[in-house]
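The exercises below are to be worked with the sequence and the structure open. Each task is followed by a solution in steps.

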Amino acid sequence: MSGALVRAALVALGALEGVASASQDSAEGRGFLSRYCVECHGADEPEAGLRLDETAFSDEAGAPERRWDLVGRYVERAVMPPRWAIDQPEAHERETFLEWLVSDAGPAPSEPADSVPLRRLTRRELDLTLRDVFDVRGVELPMSFPADPPDLPFDTFAPGLSVSGTHLEALLEASASIADRYAPAALTPRLVRRSRLADWNLGSAYWARRESRGFVALSGINISAWVGSLWDHHLRAPEAGVYRLRLCAMADPGVGVDGRPLRLGLYAVSPDDYDVPERALRATLPRLGELEIVPGYPREVECLVELEAGEAVQVFLENRLPSTYERYGLNRPELAVVLRRAVREPAPTVLIDALELFGPVAHLDRQLPFVRRDRGVELSEQVLQTLQPLAERAFRRPLTGEERTELVETVRAAPSYAGGMHDAVRSLVISLPLLFLDSSPPVAGEYGLASLLAYFLWSGPPDAELLHLAAGSRLSDPEVLRQQTRRLLAHGRHQAFIDGLAEQWLGNRSVENLMVCDVRQAWSETLREGILGASRAFLGEVLDENLSVRTLIDSSFTYASRPMRGVWGLPGEYESMVEIDARAYQSGVLPRLERLDLARLPAGTPPEVAERGGILGLASVLAATGDGVNSSPIRRGVWVLDMLLGEDVPPPPESVPALAPDVPADSTRAQQLAAHRASSACAACHAEIDPIGLALERYGATGGFRERYPLSAGFPEGRLGAIVEADAVLPDGSSLGGLRDLKDYVMQHPEMFTRSLASKLYRLALGRELTREERAEVQALVDREPAEGYGFADLVVEVAALLPGRLPSGSGPLER
Amino acid sequence: MSFYPPSRRAFLLGSTATVALPWLESWGASKRSLRAQVAGSGEPTLADRLVCVSPLLGLHPHQFFPGVQDPVLRRPLVEAGLEGQFTTISGLDHKGALAGAHGLAHALYTGTASPSISLDQLAAPRLGAVTRYESLQVTAGDSQQRPTLSFTKAGVALPAISRPSELFVKLFGAGEQGKQREASRLDSGTSLLDELVGQARSVRARVDAADRDRLEEYLESVRSVEQRLARRREWVNRERPEPPDGFALPDTESTDGSMLLENADLVWDLLTLALQNDTTRVVSFSIPMTLRALKIGDRFTSSGYHNLTHHGNDPARIAELLQVESRHMRGAARLMRALASTPLGEGRTLLDSTVVLFGSAVGDASTHVRRNFPLLVAGGGFRHRGHLACAGVEAPNEMACDLFVSVLHRLGFDDESFGSSASNLDRELT
């Protein structure tokens, strides 16, 4: 370890700032351990299963990667030795020990390799990659691709990203369906459907219609403002291509609200999306064309439509309503007037008698080079011209000569050109370079950096600009890299980064799956959505506005949806949860998130709402640490230590009984926890966990404020639950009286928070735990932090700037 | 299980039965496939099929175990004339393993909180070697939680088929055109896999040891997929059974949670057909949890399925919950009845050679008790006596996995342990 790193590490531990390294005699460090630690952490039933005697230094110890880190933090924060130990080290002894711990003479923890591990993309990354590379409607990873294991520090951690036969089989399935979209089997046009509508059983509630004289009439109005068909399976394209749609229809009366002839818009819908309200959201549907329908008698009209495999054609009566009134606008009062008038007047109506879908009659433009062999050029030339751009996006780098040859050979070996191209596209989808994030030399070079950065901030593949910079070996230039990081953060795709952090750091993933099975908790689906959205919006604002990372600890603003405001007790009239849910379900619109200025809350707001600033006030964080029924002070304490202060709290040893989850009426949570801490097996860790958790006790299992506990089921009604006590003392003597104090406490140790956050970001980007050297890099970042704290975006930029150092040096770009 | 005195467990006998034959029974399986089954089973007395079912929201325990007069949830079994063919078991669970309120619902057949292999997947390679599908994982529509029950050795959760129509195609195919398409896809897929081996080798040459391990795992998976494709290829041209006359899927399909019961009914029938036709011998079926209200008869339940499980001892809500859960039991009874009516020759029925497990890792959903799982084992040639009461909390060494060890023994495995098992129930059940 270099001198600079040792110094950085010393500063890290708050020891001997500016003093040249003192004695680093190994005997001193080991002496500390044997004097203060080994009595409990020795060979004989070591506490928490942690041995700190001589065996801890042997290779067989099988040390968890971060064990010595944890020992350092505990000694630094005077959590260890425990307070009840009579023999306490002096401050200078602690400092010397900490110094020794990170020195060359100190224990060598088993380090992860310092390269970026080869890892498979996460499910989300793979899905986004396929959609980006094969940019065709309906391309997605099939459901049969297993979900990633939920319990890793971050989804990107390589050890959790196994590739089983099930994964590959799902990818093979995806490869065939994607290849069909580019190089379908020979064109066999056929009649998909010809039918009189009177024969169909059309029972959907999502279209306005009436049957009359064997016609289906598109008319009237319904709640979704969808005046059109949703006949799902009846007009489905079996494969991608151009289809002929023929309609026998008439208008009655003949003009729409705009005074022009009635028009039927044609839209593509994928009936496999079962989210019916979404389907009716016309603005999001691909528009295929338009047919004008004239009055008089039923006449045949036809047009060509381009459909992807599995899509169905739906029609929509375009000028039934003024076009400004989209679905969802129907809740607006001014529209009620329009609707009332519309009901009185003769409604513009299209009557459909019969229709027919025939095809595919031609290939889509996209498909032509994949299915039609151009005899004017060499086979290899056509194959590469067609496939290479696709392959380079899929691999996130240029192809090697070998890979190019292989593509050509795949096509050459097939009995037909189109069949060969089909195979070649499939080979790209299932290929290892697509599935794996590979930054090993010499293939990846700077392209590895481009991918690393893009998957870090977008959860998706790098775009052309990043690849272009990589091609010129300019991306690792510190200035360029910083610029690019900022560009990526400003791009809409960075929402994946925010969502990922909200899910994996702020508890959104737990809240998504939280089953609130308790009538004593205020809960509804719109409340859930609000809680999830509030965390994303809060994180998004701090990042997008580049606010100080201190804002994450405490802020003068937060976000809340209407149901959340009701639960928090902000003044106003609120409907019941059931009404809010019903309205959201009918209209398809979730209650909007509003930004709350905590310094200027309306009069009558309960005082505790003003404390909601920062991530500790986010309902997702508070709810995620419970199980939907009970809040858990212990899990909250662990969360704060782990997620805010960067302490990796070990799981309780096997021998320790779990705290009974139900609260007996005659003992308070504080008393229970005190009993818990009285057991010496628990005391050490819980001396720190419990007070932090207790400070958050005034927040219930779903993140709402409470002054009393809910009563256990079965108690007589009218009896009140016990009053919540939230006073606690930390091992270092600081006392906490609630959320406010806890935030102040974290604010007093801003460097710990920054260190924790930077290390999280770094770990997320690398997909593994940090090495000692990398921890020192993080510490150096912390040391350089401006007094007001890094801007969040600035910190991300700083962390991204570390990435080139993790990639093998001297690996230039590939020759093309 | 010699260290438990037999007095700790008591056998109870169910009450007398009336028999109502379900319509599936009359379908049976074709003679051809049944002959194949008899020829394929080596040891006639052992069971060689396994069905693992779990309603993820549990079953109301007071009407599942004997104890009250004529328990509501046992009626469908009795009415189907299944007495003597099933045993419910009380007092067993996964003990220490705790997670959030519904956290362990999917871990019934693994027995551990950490991802590990599930019972069906352990049995599948051997039992399923002779059928079109080594195993099938099924659920019924959308779920609020991950609806999977099946896990591989590496802890990968196997996604379950959630649409009855997809299951239908698995069983009966997609016509001649679908067959050709599948054959050509499998052929090209197999040759494409060869390229992956080359790709992995070239990467392996330039990465460190941990990465090399990951590539080894990858190559192993490639090899396993090759075997799966070869197997599928072999089956492509084999004749598929026809769906029985009168059996058709409804015109529209919805996976919305509110359609849970309708979808589950279809799944029960399709699984029955899969077993009768010998399309697969290993099945897991999770009856998912949903927040939506369900349709009973022509009206919807007064609140969502999940809410109903938190009935607060309100008799009206319990009655509604029991209507929902009775549908699950009727589905199970219909499957068992149909298997029991399918002769395998030598006086045995398909149910005799199929171990049907039905239970939940939720002891009582109303209070999130994760003790005393409702468990039922049927068929498989076990010695069934209606009910087996294990000691429950007083016996910390009696685990739900003990039952699974005995199931493995019944299926011809000689494993002495599985998941969190402490022993087995061989003495009680055989």
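**Exercise 1. A sheet in chain A**

Task: In this predicted model, find the open sheet of chain A that contains S7, S6 and S9, and state which strands stand at its edges.

Solution.
- Step 1. The sheet is open and has 3 strands, in the order S7-S6-S9 of chain A, with antiparallel pairing.
- Step 2. Strand S7 (287-293) and strand S9 (312-317) of chain A each have a single partner strand, so they are the edges and one side of each lacks a neighbour in the sheet.
- Step 3. On average, and ignoring direction, neighbouring strands in this sheet are turned by 30 degrees against each other.
- Step 4. Strand S6 (residues 262-269) of chain A runs antiparallel to S9(A), and 6 bridges join the two. For a position to check on screen, take Ala268(A), which lies opposite Val313(A) in S9(A).

**Exercise 2. A helix in chain A**

Task: Decide whether helix H24 of chain A is largely enclosed or largely open to the outside, and compare its span with the expected one.

Solution.
- Step 1. Helix H24 covers residues 633-644 of chain A, which is 12 residues. From first C-alpha to last it reaches 15 Å, close to the 16 Å expected at 1.5 Å a residue.
- Step 2. A residue counts as buried when 20 or more other C-beta atoms lie within 10 Å of its own. In H24(A) the buried residues include Pro633(A), Arg636(A), Trp639(A) and Met643(A).
- Step 3. Of the 12 residues of H24(A), 10 are buried, so the helix is largely enclosed by the rest of the structure.
- Step 4. After H24(A) comes Gly646(A), with a positive phi near 75 degrees.
- Step 5. For the setting, chain A has 30 helices and 15 strands, and 46% of its 816 residues are buried.

**Exercise 3. The contact between the chains**

Task: Describe the side of chain A that touches chain B: how many residues does it have, and which elements supply them?

Solution.
- Step 1. Chain A gives 42 residues to the contact and chain B gives 46.
- Step 2. On the side of chain A, the elements giving two or more residues are helix H6 (165-182), helix H12 (417-429) and helix H13 (432-435).
- Step 3. H6(A) provides the largest share, 7 residues.
- Step 4. Sorted by class, this side of chain A has 23 nonpolar, 13 polar and 6 charged residues.
- Step 5. The scores of the model are ipTM 0.77 and pTM 0.81.

**Exercise 4. A covered strand in chain B**

Task: For strand S5 of chain B, work out whether its residues are buried or exposed, and on which sides they point.

Solution.
- Step 1. Strand S5 spans residues 282-287 of chain B, and 6 of its 6 residues are buried.
- Step 2. Val282(B), Ser284(B) and Ser286(B) point one way, while Val283(B), Phe285(B) and Ile287(B) point the other way; all are buried.
- Step 3. S5(B) runs parallel to S2(B), with 6 bridges between them. Here Cys52(B) has Ser284(B) as its bridge partner.
- Step 4. S5(B) also pairs with strand S4 (residues 136-139) of chain B, in the parallel sense and over 4 bridges. In this pair Val138(B) is opposite Phe285(B).

**Exercise 5. A cysteine in chain B**

Task: Place Cys401(B) in its element and list its contacts beyond four places in sequence.

Solution.
- Step 1. Cys401(B) belongs to helix H10 (residues 400-410) of chain B.
- Step 2. Cys401(B) is buried because it has 28 C-beta neighbours inside 10 Å.
- Step 3. Apart from neighbours within four places, Cys401(B) contacts Gly111(B), Phe418(B), Gly419(B), Ser420(B) and Ser421(B).
- Step 4. The C-alpha atoms of Cys401(B) and Asn424(B) are 7.8 Å apart, with their positions 23 residues apart along the chain counted as separation.

**Exercise 6. Confidence in chain B**

Task: Find where in chain B the confidence is lowest and where it is highest.

Solution.
- Step 1. Chain B has a mean pLDDT of 83, and 86% of its residues reach 70 or more.
- Step 2. The lowest confidence is in strand S1 (residues 10-12) of chain B, with a mean of 35, and the highest is in strand S2 (residues 49-55) of chain B, at 97.
- Step 3. The pLDDT is below 50 over residues 1-44 of chain B, a stretch with 68 contacts beyond near neighbours in sequence. It is also below 50 over residues 97-101 of chain B, where there are 16 such contacts.
- Step 4. Predicted coordinates should not be read in detail where pLDDT is low.

How values were computed. Residues numbered from 1 in each chain as written. Chains lettered and ligands numbered in written order. Predicted model: local features only at pLDDT ≥ 70, side-chain atom pairs only at ≥ 80, totals over all residues. Expected span 1.5 Å × (residues − 1). Pairing = 2+ DSSP bridges. Axes fitted to C-alpha atoms, helices over the stretch in contact; angles between N-to-C directions. Contact = placed C-beta atoms within 7 Å. Nonpolar A, V, L, I, M, F, W, Y, C, P; charged D, E, K, R; others polar. pLDDT = per-residue confidence, 0-100.
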